[in-house]
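Me: Please take a close look at one single part of this protein with me. Pick a residue, go slowly, and then show me what surrounds that part.

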Amino acid sequence: MKKKNLTKVLALSLSIAAALSLAACGNTPTNTNTKDNKDDTTQEGNNTEDKEKKEDSASKTEISVIAAQYGQNTADWWKTFETDFEKDNEGIDLNVEVISWNDISTTVNTRVANNQAPDILNIDVFADYQADDLLLPAKDYVSEETYNKMYEAFLEQSNVDGTIWAIPDLASARAMYYNKDILEGAGATVPTTWEELTETCKKIKEKYPDVYPWGIDMTTDEGQAAFAYYIWNNGGDFVDADGNWTLNSPENVAAIEYAIGLIKDGYTNTDPANETRYDLQDMFGTGKVAMMIAPNSLPTYVKDGGNEVNYGMAPIPNNNGTSVSAGVMDRFMCFDNDYSDTEMEAIKTFFDYFFEDERYSAWVEMEGFLPATKTGGEALAAKDETMAEWIDIVGSCKFYPTAKTEWADVKQGVINAEQNALLDGNVKELLDSLQAEIAP
């Protein structure tokens with residue numbers, strides 16, 4: 001679709017070298033007009049065929065989508081979706097690009113800065129784009145029928161000043177998974193408190209020195225999740241009751257000091273700054289990691305990887321008497337690319353097609369996530385009792401404060417603080433500095 005001449009862009013800290021690197025990764029255009037000694041008849045036939053293809057393409061409404069890669073099946077699912085969608089909607093040319101979580105933010109921000117925003121984006125954050133006036137309100141690009149399928153609590157996560165700017169794609173909740181055989185062999189109990197967690201780690205390490213008792217991901221992929229697990233389960237939070245940032249609260253400092261202590265005591269994977277949740281899930285599937293916090297999709301991921309493990313699931317260990325689960329909700333949003341009525345209808349058609357109950361349920365089941373629609377939740381809960389339990393968990397867990405415009409900086413900031421703490425940085429000083437930066 002045609003792009004709006006954006007006068008506002010994100011305040012991106014992109015280097016020239018990074019931009020050039022991305023540009024260099026583009027495909028080199030192929031010259032399709034070389035004659036190669038073909039006779040005039042063949043050349044004329046080819047020209048006619050090319051002209052017909054161009055005319056056919058020109059008559060279609062184009063939609064560009066950038067989607068996040070959730071697991072091994074994501075790219076293939078979207079490829080099939082694209083084929084089916086174009087078959088059922090012949091007047092629309094759909095282009096879906098699947099990008100890994102490690103790269104998607106940089107890729108999208110670079111394109112936005114270059115006035116090349118996609119039409120539809122599937123990612124976790126939205127507030128920066130909304131604050132820069134780059135997005136359309138959700139009700140502009142989602143039909144009333146599809147909009148009304150969404151869980152209200154999920155929609156509220158994208159509410160800014162009374163307007164919903166993004167819709168939920170899917171959700172997940174987190175719990176502690178543990179290897180039953182390893183804990184039993186070590187004579188350890190399933191931990192519910194931090195004191196018990198430390199003791200269980202100690203027993204596992206003594207019995208199985210080649211096993212990592214506890215898994216921690218402090219990478220750019222999920223470092224913000226690690227921060228949330230520990231602060232929420234120590235009575236801390238990102239913000240206070242009035243929505244003010246409290247990143248350096250005593251509870252937060254103590255929580256991250258505890259997590260860093262587990263790492264330095266040798267109770268975790270050896271490289272949390274580089275070993276992602278997916279690496280940990282691979283290790284959990286092969287018995288290399290005994291316990292880890294993971295989403296409800298972990299069993300599906302392990303099974304798809306060709307592994308079987310005798311696992312159990314329990315609440316996340318806490319230090320204040322109440323276990324808090326982390327709810328994670330990703331989104332679809334639509335950039336304001338100055339659409340015609342026909343183009344806007346095509347985008348609505350895309351969302352109606354995606355959230356059709358049977359198709360959407362297959363998407364959620366395929367990657368092992370939780371549905372963001374009431375009808376999808378009802379359908380899956382009827383088929384799977386464990387899904388019903390997880391849907392209840394999502395209803396009671398905490399979410400990141402993603403509606404705040406500073407969230408993208410906070411997300412990266414807490415990851416930087418964790419990684420610097422791994423290099424012997426002082427946790428309190430690091431969080432004090434971040435707090436001063438975010439809320440001067």
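Reply: Let's start with a word we'll need right away: two residues are in contact when heavy atoms of theirs come within 4.5 Å. Also keep in mind that this is a predicted model.

The residue I'd pick is Met292, which sits in strand S8, residues 289-295. Is Met292 buried or exposed? Its relative accessible area is 1%, and buried means under 20%, so Met292 counts as buried.

So what is packed around Met292? Leave out the neighbours within four places in sequence, and Met292 is in contact with Ala175, Met176, Tyr177, Trp214, Gly215, Arg277, Leu280, Gln281 and Phe284. Look at the numbers in that list, with Ala175 at one end and Phe284 at the other. Gly215 is a nice one to check in the viewer: along the chain Gly215 and Met292 are 77 residues apart, yet their C-alpha atoms are separated by 4.8 Å.

That sort of pairing shows up in the totals for the protein chain too. Take the contacts between residues at least 6 apart in sequence: 77% of them join residues at least 24 apart. The chain has 440 residues, and buried ones make up 49% of them. Its secondary structure comes to 20 helices and 11 strands, and S8 is one of those strands.

Now follow one of the contacts of Met292 outward. Arg277 is on the list, and this residue brings us to salt bridges. There are 11 of them by the rule used here. To see what a single pair looks like, try Glu356 and Arg359, whose closest N and O atoms are 3.7 Å apart. Both members of this pair are partly exposed, Glu356 at 30% relative accessible area and Arg359 at 23%. Salt bridges can also share partners, and that is how Arg174, Glu222 and Arg277 end up joined in one network. So a neighbour of our buried methionine, Arg277, is also a member of that network.

Other salt bridges are worth a click as well. Asp124 and Lys411 meet through their side chains at 2.8 Å, N to O. Asp124 is in the loop between strand S3 (120-123) and H5, while Lys411 is in helix H19, so the pair ties together parts that are 287 residues apart in sequence. Both Asp124 and Lys411 are buried. Arg111 and Glu97 make a salt bridge at 2.8 Å, N to O. In that one, Arg111 comes from helix H4 (residues 101-113) and Glu97 from strand S2 (residues 92-100), with their positions 14 residues apart. Arg111 is partly exposed at 25% relative accessibility, and Glu97 is partly exposed at 30%.

Lys411 has another link for you. Gln224, found in helix H11 (residues 223-232), touches Lys411 along with Phe238, Tyr400, Trp407, Val414 and Ile415, once residues up to four places away are set aside. At 4% relative accessibility, Gln224 counts as buried, as Met292 does at 1%.

For a helix with plenty of buried residues to look at, go to H16, residues 357-367. Its buried residues are Tyr360, Ser361, Trp363, Val364, Met366 and Glu367. Their cover includes helix H3 (74-88), strand S6 (167-179), helix H14 (298-304), helix H15 (341-354) and helix H17 (374-383). Just after H16, Gly368 takes a positive phi of about 75°.

Glycine isn't needed for a positive phi here, though: Asp424 has one of about 75°. Asp424 lies in the loop between helix H19 (407-422) and helix H20 (427-438), and with 62% relative accessible area this residue is exposed.

To finish, set Met292 against a residue out on the surface. Glu195, in helix H10 (residues 194-207), is exposed at 68% relative accessibility. Together with Glu196, Glu199 and Glu206, Glu195 forms a negative surface patch. Met292, at 1%, is buried.

Note on methods:
Residues numbered from 1 in each chain as written. Predicted model: local features only at pLDDT ≥ 70, side-chain atom pairs only at ≥ 80, totals over all residues. Heavy atoms only, no water. Patch = residues over 30% accessible without salt bridge, like charges linked within 9 Å, V, L, I, M, F, W, Y side chains within 5 Å. Areas by Shrake-Rupley, 256 points an atom, 1.4 Å probe, with all protein chains shown as cover. Salt bridge = Lys/Arg side-chain N within 4 Å of Asp/Glu carboxyl O. Lys, Arg positive; Asp, Glu negative; His and termini not counted. Charge placed at Lys NZ, Arg CZ, Asp CG, Glu CD. Helix = DSSP H or I, 4+ residues; strand = E, 2+ residues; numbered from the N terminus. Buried < 20%, exposed > 50% of the residue type's maximum accessible area, 1.4 Å probe, protein only.
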